[in-house]
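Here is my note on the model, point by point. Please read it with the coordinates open.

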Amino acid sequence: MDEFTLMPTISTFFIVLSAILVAIGWRLAVQRKLEQHQKVMFYAAVAAVIFFIIYASRTIFVGNTTWGGPDSLKPYYLVFLFFHITLATVAAVFGITTLTLGYKKKFAKHRKLGRITSVIWFITAITGVAVYTLLYVMYPGGHTKPFIDALFGW
């Protein structure tokens, strides 16, 4: 593994860890083990923040990896990438809101939004792993570029 795949691998690990912790936390909430639920969800948020710090740092200092696969698949990949980015943004906003509601003890709203947030978070993690797999496992070799260049294929 070279220095260009190390950071994406680590950041992907943390988003998967966050999703696993959210699943465990959801299960604990259903079982009404609410103190354990709160702790696990806190660590899920920490894992998500670590992911974001690594991702943002790499984007700013190194750039993003461009599509390395066949040109015929690039339009499909870009649509999938835009879907993932949009979903990740929504998940982050929902996640912060859900955590805030929980810490403010607005449990009815927290419970209602938490169900939606968790599902969005799971889909975001799965699509994130798919993006990682496409860029670093199936079609490696895209060069790093600044974010806007990689996103629009310039």
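**Notes on the predicted model**

1. Start at Thr97, which lies in helix 3. This is a predicted model, and every value below should be read in that light. With a relative accessibility of 34%, Thr97 counts as partly exposed. Gly114 is 17 residues away from Thr97 along the chain, and their C-alpha atoms are separated by 9.1 Å.

2. A second pair is worth checking in the viewer. Ile10 and Tyr55 are 45 residues apart in sequence, yet their C-alpha atoms are 9.3 Å apart in space. Ile10 belongs to helix 1. Its burial class is partly exposed, because the relative accessibility of Ile10 is 34% and that class runs between 20% and 50%.

3. Now the overall layout. The protein chain holds five helices and two strands. Along the sequence the order is α-α-β-α-α-β-α. The C-alpha trace spans about 50 × 25 × 25 Å along its principal axes.

4. How do the contacts divide by sequence separation? Take the contacts between residues at least 6 apart in sequence: 74% of them join residues at least 24 apart. The pair Ile10 and Tyr55, at 45 residues apart, can be looked at alongside that figure.

5. On burial and surface, the chain has 154 residues, and 37% of them count as buried. The accessible surface of the chain comes to about 9500 Å². Carbon and sulfur atoms account for 73% of that surface.

6. Which residues touch the most other members of the largest nonpolar core? They are Val22 and Trp121, in a core of 14 residues. Helix 1, helix 2, helix 3 and helix 4 each give two or more residues to this core. Helix 1 provides the largest share, with five residues. Another core lies apart from this one. That other core has nine residues, among them Tyr77, Leu78, Tyr132 and Leu135.

7. Trp121 deserves its own inspection. Set aside its neighbours within four places in sequence. Trp121 is then in contact with Ile15, Ser18, Ala19, Val22, Ala48, Ala91 and Ala92. Val22 thus appears twice in this note: as a contact of Trp121, and beside Trp121 as one of the two residues that touch the most other core members.

8. The surface also carries a nonpolar patch. Its area is about 530 Å², and its members are Phe42, Tyr43, Val46, Ile50, Leu99 and Tyr103. Helix 2 and helix 3 each supply at least two of these residues. Helix 2 gives the most, with four. One patch member, Ile50, lies in helix 2. Ile50 counts as partly exposed, at 30% relative accessibility.

9. Thr65 is a polar site to examine. Is Thr65 buried or exposed? Its relative accessibility is 9%, so Thr65 counts as buried, the cut-off being under 20%. Thr65 sits in strand 1, which covers residues 64-65. Its side chain makes a polar contact with the side chain of Tyr136 at 2.7 Å. The Thr65 side chain also makes a polar contact with the side chain of Arg58, at 3.2 Å.

10. Two residues other than glycine have positive phi values and merit a look at the backbone. The first to check is Arg32, with phi near 65°. Arg32 lies in the loop between helix 1 (3-30) and helix 2 (34-61). Arg32 is exposed, with a relative accessible area of 53%.

11. The next to check is Lys105. Phi of Lys105 is positive, about 65°, although Lys105 is not a glycine. Lys105 is placed in the loop between helix 3 (74-103) and helix 4 (107-138). At 61% relative accessibility, Lys105 counts as exposed, because the exposed class begins over 50%.

12. For a viewing session, I suggest this order. Begin with the core around Val22 and Trp121. Go on to the nonpolar patch that includes Ile50. Then turn to the contacts of Thr65 with Arg58 and with Tyr136. Finish at the loop residues Arg32 and Lys105.

Notes
Residues numbered from 1 in each chain as written. Predicted model: local features only at pLDDT ≥ 70, side-chain atom pairs only at ≥ 80, totals over all residues. Heavy atoms only, no water. Buried < 20%, exposed > 50% of the residue type's maximum accessible area, 1.4 Å probe, protein only. Polar contact = N/O pair within 3.5 Å; in protein donor to acceptor, adjacent residues only side chain to side chain. Patch = residues over 30% accessible without salt bridge, like charges linked within 9 Å, V, L, I, M, F, W, Y side chains within 5 Å. Areas by Shrake-Rupley, 256 points an atom, 1.4 Å probe, with all protein chains shown as cover. Salt bridge = Lys/Arg side-chain N within 4 Å of Asp/Glu carboxyl O. Core = buried A, V, L, I, M, F, W, Y, C linked by side-chain atoms within 4.5 Å. Contact = heavy atoms within 4.5 Å.
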